[in-house]
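Let's take a friendly walk through this model, one region at a time. Have the structure open beside you as you read.

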Amino acid sequence: MLTKQKFPKSILKKILSGFNLGKIKKIKSLATSGNITYIIKTNRNNYLLRLCPTGQRWRSKKEIAAEIELLDYLKRKKFPVTVPLKNKKGEKIIFWGKHYGYIREFASVKAKLKPSTAEIKKFGELIGQFHNVVENFKTRNKRQHIFDLIETQKYFNRKKNEILKSDFKNKKEFVARFRKEIFSLNFPKGLAKGTIHEDLGKRHVLWQNGKIAAIVDFDRSYFGFLILDLGEAVRGWCFVDNWRKWSDKNFKALIDGYQEKRKLTRIEKKYLVDAIKFGILERVLSFCLRFIKVTRDPEDEKFAWHSISERGLLGMVNANKKKIEKIIKIA
């Protein structure tokens, strides 16, 4: 699922020469789900260079500026993020051709792919804290890539024929299931909004000495409903055994932690299950099209189908809906 995209070293060195990073000792390509990313080791520190790729994950200069706005805002609010560095000209945004991005210090800490219940509760607390900080916050620069329900429905309508013409396995059933599920959802305008992360999976939460040291990768952030952020986080943290089982214990820990920092409103509790389902569906479409158009990786195809199947992620949420609603109600 993770891939490495590379630039010629001559171009990388030219980009890096615009910064006061010290003497470069090593440039290492990092596998990601889309961005062109390098770890830069110097005699002073380690840094991360991230540039957007072409295709679906391309971001405009304004979108990168919006992400930096958010990071700077969170840093001022003492939220654990790493902010981009300024180059010798005092600019934070870098580019080569149409590839926009930035350089930041590399957080030499690791994600926990098998967190304990106590750690999941800490993560829930952090999301609650994050939503308190970003509620009603909107960047001056606008994002073109928005991953909310309406845009996902439109995107599916534009891409469904492309899926049906592809060699994606079970494509007819996939399209039928996706259409039924995505158009059964609806979120009222009264839900609280803010500039959400949108991709708070385990890989983007970094730990040190039992504490969360940094949240990274805000390139999918946009102004939207806070519970969609929470729903996506539940997708990433509450399935266990390599996405084969749903964990009530993990879900309760996450929600209990969240409630300690920010109380869910009555209307948010009502629509949280749908937010979890949307988090699954939005990523289902992403993995399906990623397989068809970019990676041709059978694991992407397999995960997309597993996510939407009766025995997969969506099926598990539907099967455990009453238990999930009970946990939400008594939280």
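A good place to begin is a pair of facing residues: Lys 41 stands opposite Asn 46 in S3. Please keep in mind that this is a predicted model. The two residues belong to a pairing between strand S2 (residues 36-42) and S3, which run antiparallel over six bridges. Together S2 and S3 make a hairpin, with three residues between them.

**The sheet around S3**

S3 has another partner as well. Strand S3 (residues 46-51) pairs with strand S5 (residues 99-105), again in the antiparallel sense, over five bridges. Two facing pairs help you to find this pairing on screen: Tyr 47 is opposite Glu 105 in S5, and Leu 49 has Ile 103 of S5 as its bridge partner.

Here are the two pairings of S3 side by side:

| Pairing | Sense | Bridges |
|---|---|---|
| S2 and S3 | antiparallel | six bridges |
| S3 and S5 | antiparallel | five bridges |

Stepping back, which order do the five strands of the open sheet follow? The order is S1-S2-S3-S5-S4, with antiparallel pairing. Strand S1 (24-30) and strand S4 (94-96) each have a single partner strand, so they stand at the edges and one side of each has no neighbour in the sheet. On average, neighbouring strands of this sheet are turned by 25° against each other, direction ignored.

Is S3 largely enclosed or left open by the rest of the structure? Five of its six residues are buried, so S3 is largely enclosed. Helix H2 (residues 61-76) lies across S3 and S5, and it runs at about 25° to S5.

**Helix H4**

Next, turn to helix H4 (residues 149-164). Its 16 residues reach 22 Å from the first C-alpha to the last, close to the 22 Å expected at 1.5 Å a residue. H4 nevertheless has a kink of about 40°, centred on Arg 158. At the start of H4, a side-chain oxygen of Asp 148 comes to within 3.5 Å of the backbone nitrogen of Ile 150.

Which residues of H4 are buried? They are Leu 149, Thr 152, Gln 153, Phe 156, Lys 159 and Ile 163. The buried residues of H4 pack against two helices, H5 (171-182) and H8 (266-295).

**Two buried residues elsewhere**

His 204 sits in the loop between strand S7 (193-196) and strand S8 (205-208). Why does His 204 count as buried? Its relative accessibility is 5%, and the cut-off for buried is under 20%, so His 204 falls in that class. Leaving out residues up to four places away in sequence, His 204 touches His 197, Asp 199, Ala 214, Ile 215, Val 216 and Asp 217.

Ile 327 belongs to helix H11 (residues 321-330). With a relative accessible area of 13%, Ile 327 is also under the 20% cut-off and is therefore buried. Apart from neighbours within four places in sequence, Ile 327 is in contact with Asp 248, Phe 251 and Lys 252. One more pair is worth locating: Ile 327 and Asp 256 are 71 residues apart in sequence, and their C-alpha atoms are 9.2 Å apart in space.

Definitions and conventions: Residues numbered from 1 in each chain as written. Predicted model: local features only at pLDDT ≥ 70, side-chain atom pairs only at ≥ 80, totals over all residues. Heavy atoms only, no water. Helix = DSSP H or I, 4+ residues; strand = E, 2+ residues; numbered from the N terminus. Expected span 1.5 Å × (residues − 1). Bend = angle between axes of the 7 residues up to and from the residue. Buried < 20%, exposed > 50% of the residue type's maximum accessible area, 1.4 Å probe, protein only. Contact = heavy atoms within 4.5 Å. Polar contact = N/O pair within 3.5 Å; in protein donor to acceptor, adjacent residues only side chain to side chain. Pairing = 2+ DSSP bridges. Axes fitted to C-alpha atoms, helices over the stretch in contact; angles between N-to-C directions.
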